[in-house]
Amino acid sequence: MDKMRDGNSVKNTETQRHRGAQARWRAAVGSVSLCLCVFNAVITAQTKPVAERIQQCTVCHGSDGNSRVKNTPSLAGQPEFFLLNQLVLMREGVRPIEPMKPYVKDLQDSDIEAIAQYFAALEPKPSEEIPDPALMQRGAELAASLRCASCHLPDFAGRQQIPRLARQRMDYLIYSMKQFRDNTRSGADTLMSNVVAGLSDADLTALAHYSASIRSEK
Ligand code: HEC
Ligand code: HEC
């Protein structure tokens, strides 16, 4: 009995010594990872996390990237490169949008890439605006003669630097086409201005009713 007890007590002290060493090792590792945490916090304090930035965009552009605000475009399902391109233009002040300035001025290239990828992957949904069948018909005729599909693709989903029009807000489509026509969108691509040059407000409205309501795969 005594022998066994002695044996046990030797074992116990060995275990205790071992545990002591483990605890010291853990404390050392712990303080190293604590240092890393502090270091990371310093880095992220300078560059806001992308999720936080996206959250700010959705206040105006919609929680799912589909805007419910007049004249404010939906971003959901836009070609990734179009978003990337526009955000660079906005950051550099080439396409200045007053209410957006505080949100784009300090975007890093990596933020822009992540933001563009995020919104491009969201599902575009039709807005609450109701398209008028007669205007849609007139818009279809105009779109065919002006060959909108040659650039925006037959389903108007856009590609590369050319934006999606399908399921975009109609008020924004009208607003932006007026800007192209009247040459008031700075940094605008002249290809697009040439297409709508000379069209009436009624023509642009018809084009918007048609474009927004085209069914696209995505
Ligand atoms: C305070 C409201 C507001 C906030 C916040 C905001 N935007 Fe905008 N954004 C707008 C408005 C309004 C327009 C259209 C203005 C115009 O064309 O004159 C716009 C236009 C855009 C466009 C052009 C889309 C197109 O189809 O031409 C992109 C891209 C965009 N915003 C991305 C973003 C991103 C990304 C963020 C967050 C970093 C953001 N916006 C934050 C209001 C906002
Ligand atoms: C030659 C190619 C081309 C043709 C044809 C064309 N577009 Fe465009 N469109 C563009 C490009 C490129 C842009 C992006 C312009 C920019 O970045 O400034 C654009 C942008 C737009 C925008 C702005 C959308 C936004 O989200 O900012 C609208 C609206 C639009 N086009 C409608 C039309 C309609 C309607 C037609 C036919 C009447 C048409 N486009 C024909 C190339 C074209």
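**Exercise 1. Place Lys48 in the fold and decide whether Lys48 is buried, exposed or partly exposed.**

Step 1: Lys48 sits in the loop that joins helix H1 (2–46) to helix H2 (50–61). Helices here are DSSP runs of H or I with at least four residues, and strands are runs of E with at least two, numbered from the N terminus.

Step 2: Now count neighbours, with C-beta atoms placed from the backbone: 20 or more other C-beta atoms within 10 Å make a residue buried, 12 or fewer make it exposed, and anything in between is partly exposed. Lys48 has 15 other C-beta atoms within 10 Å, so Lys48 is partly exposed.

Step 3: Lys48 and Asp111 lie 63 residues apart in sequence, and their C-alpha atoms are 9.1 Å apart in space.

A word on conventions before going on: this is a predicted model, in which local features need pLDDT of at least 70, side-chain atom pairs count only at pLDDT 80 or more, and totals for chains, interfaces and linings use all residues. Residues are numbered from 1 along each chain as its sequence is written, while chains are lettered from A and ligands numbered from 1 in the order in which they are written.

**Exercise 2. Find out where the pLDDT is below 50.**

Step 1: Start with the average. The protein has a mean pLDDT (the predictor's confidence in each residue, from 0 to 100) of 85, and 78% of the residues score at least 70.

Step 2: Residues 1–15 have pLDDT below 50, and this stretch makes zero contacts beyond near neighbours in sequence. A contact means two C-beta atoms, placed from the backbone, within 7 Å.

Step 3: Residues 25–45 also have pLDDT below 50, with one contact beyond near neighbours in sequence.

Step 4: Where pLDDT is low, the predicted coordinates should not be read in detail.

**Exercise 3. Work out which residues of helix H5 are buried and what they pack against.**

Step 1: Helix H5 (residues 109–120) has 12 residues and spans 16 Å from its first C-alpha to its last, close to the 16 Å expected. That expectation is 1.5 Å times one less than the number of residues.

Step 2: The buried residues in H5 are Ile112, Ile115, Ala116, Phe119 and Ala120.

Step 3: Looking down the axis of H5, the buried residues fall within an arc of 125 degrees, so they line one face of the helix. The arc is taken from the directions from the helix axis to the C-beta atoms.

Step 4: These buried residues pack against H2 and H3.

**Exercise 4. Describe the shell around ligand 1.**

Step 1: A residue is near the ligand if its C-beta atom, placed from the backbone, lies within 6 Å of it. There are 20 residues around ligand 1, and Cys57, Cys60, Pro73, Pro99 and Tyr103 come nearest.

Step 2: H2, helix H3 (80–91) and helix H4 (101–104) each give two or more residues to this shell. The largest share, six residues, comes from H2.

Step 3: The shell divides into 14 nonpolar, five polar and one charged. Here Ala, Val, Leu, Ile, Met, Phe, Trp, Tyr, Cys and Pro count as nonpolar, Asp, Glu, Lys and Arg as charged, and the others, Gly among them, as polar.

**Exercise 5. Locate Tyr210 and list what Tyr210 touches.**

Step 1: Tyr210 belongs to helix H10.

Step 2: With 25 other C-beta atoms within 10 Å, Tyr210 is buried.

Step 3: Leaving out residues up to four places away in sequence, Tyr210 touches Met136, Gly139, Ala140 and Ala143.
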